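Here are some short exercises to work through with the structure open beside you. Try each task before you read its solution.

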Amino acid sequence: MRVGILGSGLMGGKLGTIFARAGHDVVFSYSRSKEKLNRLAREAGKTARAGTPAEAAQDADALLLAVHWSRVDDVLKQAGNLSGKVIVSCSLPMNADDTALVVAHTSSGAEKLAKKVHKARVVSAFGTVPSEVLFGVFAARRKARKPSLVYCGDESKSKKIAAELIHDVGFDPVDAGPLRIARYTEPFTLLIAQLAYEGDGGPELAYRVERFG
């Protein structure tokens with residue numbers, strides 16, 4: 001597939017690298033540093049390149065949205081018309097200082113995103129796993145037993161594309177249902193992030209919750 005990365009920070013950089021190494025054509029975009037985008041493309045391999053959000057979105061079979069919630073509107077504006085595009089979002093709707101969700105309980109960031117982008121096909125995925133374990137999961141992807149990763153969305157074809165990407169990273173994709181399920185997975189994602197980044201052994205503990213919880 002052709003996969004555009006909208007947001008090449010920690011999560012976007014790692015997932016984009018894995019997608020490229022799994023054989024997909026990847027365009028890294030949206031970083032403060034063009035040099036960083038070029039470095040990510042070099043390290044990801046021959047099927048990856050750096051570009052603008054508009055170039056990442058052009059002809060993409062799927063877009064990974066991996067930016068802070070405060071930058072969502074900006075990256076969407078730079079990407080241009082995304083009508084009909086499959087957007088796989090792992091962006092939590094966090095406030096400016098990352099202390100709380102600004103959308104929760106009666107809606108979700110994924111649902112808000114679907115309303116922001118006219119006729120886009122939004123799938124929520126990848127949020128419930130800390131980025132630190134992604135390369136390890138990919139390296140072990142051929143093992144018989146794979147960790148599970150949930151995703152949700154409202155359109156079957158877009159969910160099939162998301163499931164393929166999840167599988168290529170090394171997870172067993174688990175369809176959690178319609179996009180409104182993100183109302184429950186996003187608070188869980190916040191819990192995973194707190195486990196991952198607070199205290200000794202955080203990433204390993206969070207990964208156990210993701211795998212067995």
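**Exercise 1: The strands and their crossovers**

In this predicted model, R2 stands opposite D25 in β2. Find out how β2 is joined to the strands on either side, and say which way each crossover turns.

Solution, step by step:

1. Begin with β1 and β2: these strands run parallel and are joined by five bridges.
2. Follow the chain from β1 through α1 to β2, and you trace a right-handed β-α-β crossover.
3. Now look at β2 and β3, which also run parallel, with three bridges joining them. Here V27 is the residue opposite R49 in β3.
4. The unit made by β2, α2 and β3 is a right-handed β-α-β unit as well.
5. Finally, check the surroundings of β2. Four of its five residues are buried, so the strand is largely enclosed by the rest of the structure.

**Exercise 2: A strand with two covered faces**

Which residues of strand β4 (residues 62-65) lie on each side, and are they buried or exposed? Then identify the strands that pair with β4.

Solution, step by step:

1. Recall that side chains in a regular strand alternate between the two faces of the sheet.
2. Sort the residues by side: A62 and L64 are on one, L63 and L65 on the other. All four are buried, and both faces of β4 are thus covered.
3. Turn to strand β1 (residues 2-6), which pairs with β4 in the parallel sense over four bridges. V3 is found opposite A62.
4. Strand β5 (residues 86-89) pairs with β4 too, in the parallel sense over three bridges. The bridge partner of L65 in β5 is S89.
5. To get from β4 to β5, the chain passes through helix α4 (residues 72-79), and this β-α-β crossover is right-handed.

**Exercise 3: The two sides of a helix**

Where do the buried residues of helix α2 (residues 34-44) fall when you look down its axis, and what do they pack against?

Solution, step by step:

1. List the buried residues: L37, L40, A41 and A44.
2. Look down the axis of α2. These residues fall within an arc of 100°, so they line one face of the helix.
3. Check the other side, where E35 and R42 are exposed.
4. Find the partners of the buried residues: they pack against α1 (10-21), β2 (25-29) and β3 (48-50).
5. Step past the end of the helix to G45, which follows α2 and has a positive phi, near 120°.

**Exercise 4: The cores and a buried lysine**

How many residues make up the largest nonpolar core, and which of them have the most contacts inside it? Then describe the setting of K159 in helix α7.

Solution, step by step:

1. The largest nonpolar core has 37 residues, and F19, F28, L64 and F126 have the most contacts inside it.
2. Its largest share, six residues, comes from α7.
3. Another core lies apart from this one, with 25 residues, including V27, V67, A120 and L179.
4. Now place K159: this lysine is in α7, residues 156-169.
5. Buried means under 20% relative accessible area. K159 has 11%, so it is buried.
6. Beyond its neighbours within four places in sequence, K159 is in contact with V123, Y151, C152, G153, D154, D175 and G177.
7. As a last check, compare K159 with P173: they are 14 residues apart in sequence and 10.0 Å apart in space, C-alpha to C-alpha.

Terms used: Residues numbered from 1 in each chain as written. Predicted model: local features only at pLDDT ≥ 70, side-chain atom pairs only at ≥ 80, totals over all residues. Heavy atoms only, no water. Buried < 20%, exposed > 50% of the residue type's maximum accessible area, 1.4 Å probe, protein only. Contact = heavy atoms within 4.5 Å. Arc of directions from axis to C-beta. Core = buried A, V, L, I, M, F, W, Y, C linked by side-chain atoms within 4.5 Å. Pairing = 2+ DSSP bridges. Right-handed = clockwise from strand over helix to strand, strands pointing away.
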